[in-house]
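Thanks for coming. I will take a few minutes to walk through one structure, and I will start in the middle of it.

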Amino acid sequence: MEPFQFWRCDECGEPVTVKEGYVIWGRRDDPNGEFRIIHQRVCDDRSMTSSLPLADFLGADGLVKLTSMLSYGLLTYDTGITPRSEHRLPNIDAWVDLVRRVQVPHYEQVRLLYTQPEVRERFSDSNETYPYLQRTIATMMVAEDE
């Protein structure tokens, strides 16, 4: 399966394409924050305060958009430019998961495997990088197909 063709909708669980996908975040009643990939309009969650098309988060420009949620970059140094409050991320782990979903090839296909007890056990002594490397993800995809 080619990467970045389909994602799993966080609302209905069905495949979602770039064309029909939206990323929503900023739940008013959840200070911990979350990012969700959904079918636009069909699976919308009106309690989320922010949304953009899924396509806006893909590729190099998508990575720029994602990192600008953390920092305005060099423009903030000695210029007096201050990021708006909506750029403060309440849940960095949820943000990192979104980055992996839209930037790391095949992460989306194996993402839910990381919640399984046997996979958690397998990576219990790993460093923070190893489980998400391309070679590790490829091994997980082969194991899942068997």
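Asp45 sits in the loop between strand 4 and strand 5. Keep in mind that this is a predicted model. Is Asp45 buried or exposed? Asp45 counts as buried, because its relative accessible area is 15%, and the cut-off for buried is under 20%. The side chain of Asp45 makes a polar contact of 2.6 Å with the side chain of Ser47. Beyond its neighbours within four places in sequence, Asp45 is in contact with Ile24, Arg27 and Arg36.

Two of those names come back in the strands. Ile24 stands opposite Arg36, which is in strand 4. Strand 3 and strand 4 are paired antiparallel, over five bridges. Strand 3 is also joined to strand 5, residues 48-53, by five bridges, and those two run antiparallel as well. On that side, Tyr22 has Pro53 of strand 5 as its bridge partner. How much of strand 3 is covered? Six of the seven residues in strand 3 are buried, so to speak of it as mostly covered is fair.

Next, helix 2. Helix 2 covers residues 92-103, which is 12 residues. From first C-alpha to last it reaches 16 Å, close to the 16 Å expected at 1.5 Å a residue. At its N-terminal end there is a cap, Asn91, with a side-chain oxygen 3.1 Å from the backbone nitrogen of Asp93. The buried residues of helix 2 are Ala94, Trp95, Asp97, Leu98, Val99, Arg101 and Val102. As a reminder, an α-helix has 3.6 residues a turn, so residues three or four places apart point the same way. What do the buried residues of helix 2 pack against? Their partners include strand 3 (21-27) and strand 4 (35-39), which we have just met, and also strand 1 (6-8), helix 1 (59-68) and helix 3 (107-110).

Last, the cysteines. How many disulfides are there? The count is zero. Cys9 is in no disulfide, and the nearest cysteine sulfur to it, that of Cys12, is 3.8 Å away. Why is Cys43 not bonded to Cys12? The closest cysteine sulfur to that of Cys43 is the one in Cys12, and at 3.8 Å it is too far for a bond, because a disulfide needs the two sulfur atoms within 2.5 Å. Both Cys9 and Cys43 are buried: Cys9 has 3% relative accessibility, and Cys43 has a relative accessible area of 9%.

That is the end of the walk-through.

Note on methods. Residues are numbered from 1 along each chain as its sequence is written. This is a predicted model: local features need pLDDT of at least 70, side-chain atom pairs count only at pLDDT 80 or more; totals for chains, interfaces and linings use all residues. Side-chain values use heavy atoms; hydrogens and water are left out. Buried means under 20% relative accessible area, exposed over 50%, partly exposed in between (1.4 Å probe, protein chains only). Helices (H or I, at least four residues) and strands (E, at least two) are DSSP runs, numbered from the N terminus. The expected span of a helix is 1.5 Å times one less than its number of residues. Contact means heavy atoms within 4.5 Å. A polar contact is a pair of N or O atoms within 3.5 Å; within protein, one must be able to donate a hydrogen and the other to accept it, and residues adjacent in sequence count only if both atoms are side-chain atoms. Two strands pair if DSSP finds at least two bridges between them.
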